[in-house]
Amino acid sequence: MLRNYLLPVVLLVLLASCSGPKKKMLYYAHQPEDTLAAQLTRIAASHGYTAVVTGNAAYLQTDSLAMFNLVCMPVSALNGLNHIAVPELKRYLEAGGGLLAIKDTALALPGYPWLQALDTVTGARRQDNGTVYVLPQPVSEQQLNEAWTAAGRPDMRRATTLPVPDSARYTRTVLAQGFDEPMEMAVLPGGDVLFIERKGAVKLYDHTSGQVKTIASFSVFSGIEDGLLGMTPDPGYEKNHYIYFYYAVPGEKAINRLSRFELKDGNLQQASEKILLEVPTQRRYCCHSAGYLKFDTKGLLYLSTGDNTNAEETDGYTPVDERPGRHLSDVQATSANTDDLRGKILRIRPEPNGTYSIPDGNLFPKDGSKGRPEIYVMGSRNPYRFSIDAETGYLYWGDVGPDTKIRGEDGELMSYDEINQAKQPGFYGWPYFLGNNQAFPLYNYANKELRPKKDPARPLNVSPNNTGLQELPPAQPAMIWYGKSASRYFPLVGKGGASAMAGPVFYSKAFEKAPYRLSPYYNGKLLIYEWIRGWMMFITFDEKGNYLRMEPFLPHIKFEAPVDVQFAPDGSLYVLEYGSNWFSKNTNSKLVRITFKEGNRDPVAAISADRLNGAAPLTVQLSAAGSRDFDKGDKLSFQWKIGEQTAEGETATHTFDKPGVYAVALAVKDGKGGEGRATLQLNVGNTPPVVKIQTPANRTFYWDNAPLEYQVAVTDAEDKVISPDQLQISFGFLPDGRDAAVVLAQGGTGNVKHLAGQQLLNSLDCKACHSMKDASIGPAYTAVAERYAGKGHEVAQTLAGKIIKGGSGNWGTREMSAHPDMQPADALAIVQYILSLSEQPAALPATGTLVLKEHIGKSPEGRYLLNARYTDKGANGVPPLSGSTYLLLRNQLIEAEDFDEGNVKTSTITTQFLTFAANVRNNSYARFNDIDLNGIKHIKCRVKGLEGGTIAFHIDAANGPEVARATVPGGMKEWQEITVPVSSLPGMHPLYLVFTGAADKPLLHLDRLYFDHR
């Protein structure tokens, strides 16, 4: 069988010694075998130098670069360097190294000013302490000689640019999880974390006990996107204990309220409420409430408000419906209205008596003559998360964009999310402009025609629903903008659904003595993040505070809808994750703490247990063996806390005498101040059910039309009577046997026919708006399946087209995001999976017979999967537990190279699409796991004898019982099939193939085995 391998190509030319230290050159290119590489190696040979030619980017690191006098690469390779390699190259030049750049294309790294000079010069120029040579193609021998001759050995101690920190220096700890729509948090002095949930709960995470408790509950209107939206402590919280909240007041009067409360001794004093500000709203239509709160360093309080406008009945345009009676669908009445507080970021100064005053420098005069004086920024759609730069005072916010069918100047749909920067107050465009001030045509909802676009230099709001000024301030462009498809301007953001968020700006001096502060590399950088796409990025600015570039931050971590991000006083980063489904309590919503350590790093604690559940008394063996420390040589110590008892050591044993849910805590210390923690939950009082599949048939292989008789037996210590309705049995054929692991990971039951569509669906952004059973922003998948059940292939094609193109109307007027890059076949696979949810497969009985025929005519890679799962009733206060087992049947043909363990080597002949165990030698072996020889009469071996030898088949061990033996003659010119009888044994065993023959000579090639039942 063919196997594809990608082998790194590294050409190392070691030449004759010469007097003095050898000079070394690194040539890095995407295609390192090009003509330039040959030219450089010839020059190296003529001078007695060493040349390394490679396409491996691992060479572009400090420890490797220090070995080279000269680094050479074409500009096309330079363009492909990532955010880690470019600073390393800068450090190399600061250290005195030389860079030779061959101009085979234009430079495409605009975020690095020092590199931009490469596009404007030819020849040699100084860069820091090194030299950059920029040469056009073709490169002459003389030019290369000059670069070689001038190259000097770098001294990396002279480098001043900071490297990107190693990702292994971050530790992620989940502090708590399972919240009901968490919204905003604050890390309080002392380390506790206060956070709110949209439906009204105020919760406190106690950092000493690790427990979460509800300390208050607001009565709120939680329809559409309203509720308890924002919370922030007063800058003087340690003395005055003030906490500010922004919430939707319940009742008939539609208002959102900003109030101040006192938090004392862990209790929120409801009677202490001081109402600062009320924002009139409408509650007939969804959406956009925003509601984030944050103070700046001057004691000014910022509040973001959404446009609160009908976002559903837009026909794919902006909501500017000026027809009589449609004012709630006209965003010109809110975001673009100078006399309305919605679609804005407000800035006020709270006063000690519970009122507020207007600070200097807002968008409109304090007397309100030109607009509401609280407004700092207007023209926002949903400015959901923002931050204020502690040094510059600049305001940054993410604005969640619309779904439109209008195409922008670059041909992309103008469904942009934005990251904005306000150096001063202003109007930021919505609903007239988006992105870099690209203008929307104004849709006339009365006659369905398009009106002229607005002028960003002098936008006029002439809507009859506008109660403020007609002439608005000039529109300001976004700093970053991106839509649903890949962005040509900001490619790192990816594609799909989007909800842009702006986090804090990091400054090292604010955390000078903090133990977990980030590396100074991030000093002055803005952290942004994505609710739907789950990433974080840092933004670098130039000396004028303008956008320069972005780079990934913690790319190895996938966040589940991050809704708030804050730095704690100790420098650690707290992340509040909303979870997968909108308007829902999510098991994967969580509070996460991320710490960074320079120098000595914290150990990573890990707990394993031999049992997680069981009846009382329950004895559990605990182990910390999975814990690790990235600093070599550190000696770890382990402290356990189990209830009120403590223990030390890498392992611990504890007996739980009474039923209950217990938490086990582990602290791992390295003796140098580093500490890592982990917790594990144990359920005592309920034993998981034991499920078994009994069959007289072979448990490894299938063959044509064979009957599979089975019986599922369930035992449960607490359930006196096994409930048949709690037993789920599923069976199906998987064309790609590797999908079995995916099915089992998802519980093993259900329809496996449309697994490819299910996997595609899970990989996309669809979960941001849909869930399996409950309506969210969009309909539940089960509701879609029920509506379109039995409608035929034509309807499926229509739905697949809607996934690609987007649309609205079938489930309300809210626009569904388009997926323009998706292939039609993939969209159809997703639709077929969703529609299959309405199919009710016949329930399999606990005892039955299945005929194995679906594989006939299909690839031998296919597998049959019979899976059984039983969920008990729960007992002694412990929730129900499930037990499961499965039977996985494979084709009788097994490729030799698919062995599970062994010391034989494989070889591939690509022209024949053939991979095999090659040049097998004396006393070598190959092991194949889980082989059932029940009913097997013969094993057919496809071999090519070389010297010749013997293949002995043993079970359980290499020297275990022998069940078959094949003698392979030598001197074979072609592949031959040798058939040997086998002892038919029931049960699953590891099968060992042991090869013997002449010592130190290749005995044979083995291509495959066929286990024949005939």
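In this predicted model, strand S38, which covers residues 608-609, pairs with strand S40, residues 618-623, in the antiparallel sense over 2 bridges. For anyone following the register by eye, serine 608 has serine 623 in S40 as its bridge partner. S40 is also joined to strand S43 (residues 651-656), this time by 6 bridges, and the two run antiparallel. Here leucine 622 is matched with alanine 652 in S43. Just along the chain there is a backbone detail to look at: the peptide bond from alanine 616 to proline 617 is cis, with omega near -5 degrees. Proline 617 sits in the loop between strand S39 (613-614) and S40, the strand that pairs with both S38 and S43.

Next come the open sheets. One of them is built from 4 strands in the order S8-S37-S36-S35, with antiparallel pairing. Strand S8 (170-177) and strand S35 (562-567) are the edge strands; each has a single partner strand, so one side of each is left without a neighbour in the sheet. Going from one strand to the next, the twist averages 20 degrees. The pairing of S8 with strand S37 (residues 590-596) is antiparallel and runs over 7 bridges. Within that pairing, tyrosine 170 has phenylalanine 596 of S37 as its bridge partner. In terms of sequence numbering, then, the sheet brings S8, at 170-177, alongside S37, at residues 590-596.

Another open sheet has 3 strands, ordered S48-S50-S51, and its pairing is antiparallel. Its edges are strand S48 (727-734) and strand S51 (882-890), each with a single partner strand, so one side of each has no neighbour in the sheet. The twist averages 10 degrees from one strand to the next. Strand S50 (residues 863-871) pairs with S51 in the antiparallel sense over 9 bridges, and alanine 868 stands opposite threonine 885 in S51. The strand order puts S50 between S48 and S51.

Turning to the helices, two packed pairs can be described. Helix H1 (residues 35-47) and helix H6 (residues 141-150) have axes that come within 11 Å and cross at roughly 60 degrees. An angle of that size falls in the oblique range, so H1 and H6 are oblique to each other, and their crossing is right-handed. On the H1 side, the contact involves Leu36, Gln39, Leu40, Arg42, Ile43, Ala44 and His47, which meet Glu141, Leu144, Asn145 and Trp148 in H6. Sorted by class, this contact has 6 nonpolar, 3 polar and 2 charged residues. The approach to H6 has its own cis peptide bond, which joins glutamine 137 and proline 138 with omega at about -5 degrees. Proline 138 belongs to the loop between strand S7 (130-136) and H6.

The other pair is helix H11 (residues 793-805) with helix H12 (residues 824-836), packed at an angle of about 120 degrees with their axes 8 Å apart. That angle makes H11 oblique to H12, and H11 passes H12 in a right-handed crossing. H11 contributes His793, Ala796, Gln797, Leu799, Ala800, Ile803 and Ile804 to the contact, while H12 supplies Pro824, Ala827, Leu828, Ile830, Val831 and Leu835. By class, the tally for H11 with H12 is 11 nonpolar, 2 polar and no charged residues. The contact of H1 with H6, by comparison, has 2 charged residues.

One more backbone feature deserves a mention. Histidine 241 has phi near 60 degrees, a positive value in a residue other than glycine. Histidine 241 lies in the loop between helix H7 (237-240) and strand S14 (242-248).

As for how far to trust the coordinates, the mean pLDDT of the chain is 90, and 95% of its residues reach 70 or more. The stretch to treat separately is residues 1-20, where pLDDT stays under 50. For that stretch the model nonetheless has 47 contacts beyond four places in sequence.

Methods: Residues numbered from 1 in each chain as written. Predicted model: local features only at pLDDT ≥ 70, side-chain atom pairs only at ≥ 80, totals over all residues. Heavy atoms only, no water. Axes fitted to C-alpha atoms, helices over the stretch in contact; angles between N-to-C directions. Parallel < 35°, antiparallel > 145°, perpendicular 65-115°, else oblique. Left-handed = near helix turned anticlockwise from the far one by under 90°. Contact = heavy atoms within 4.5 Å. Nonpolar A, V, L, I, M, F, W, Y, C, P; charged D, E, K, R; others polar. pLDDT = per-residue confidence, 0-100. Pairing = 2+ DSSP bridges.
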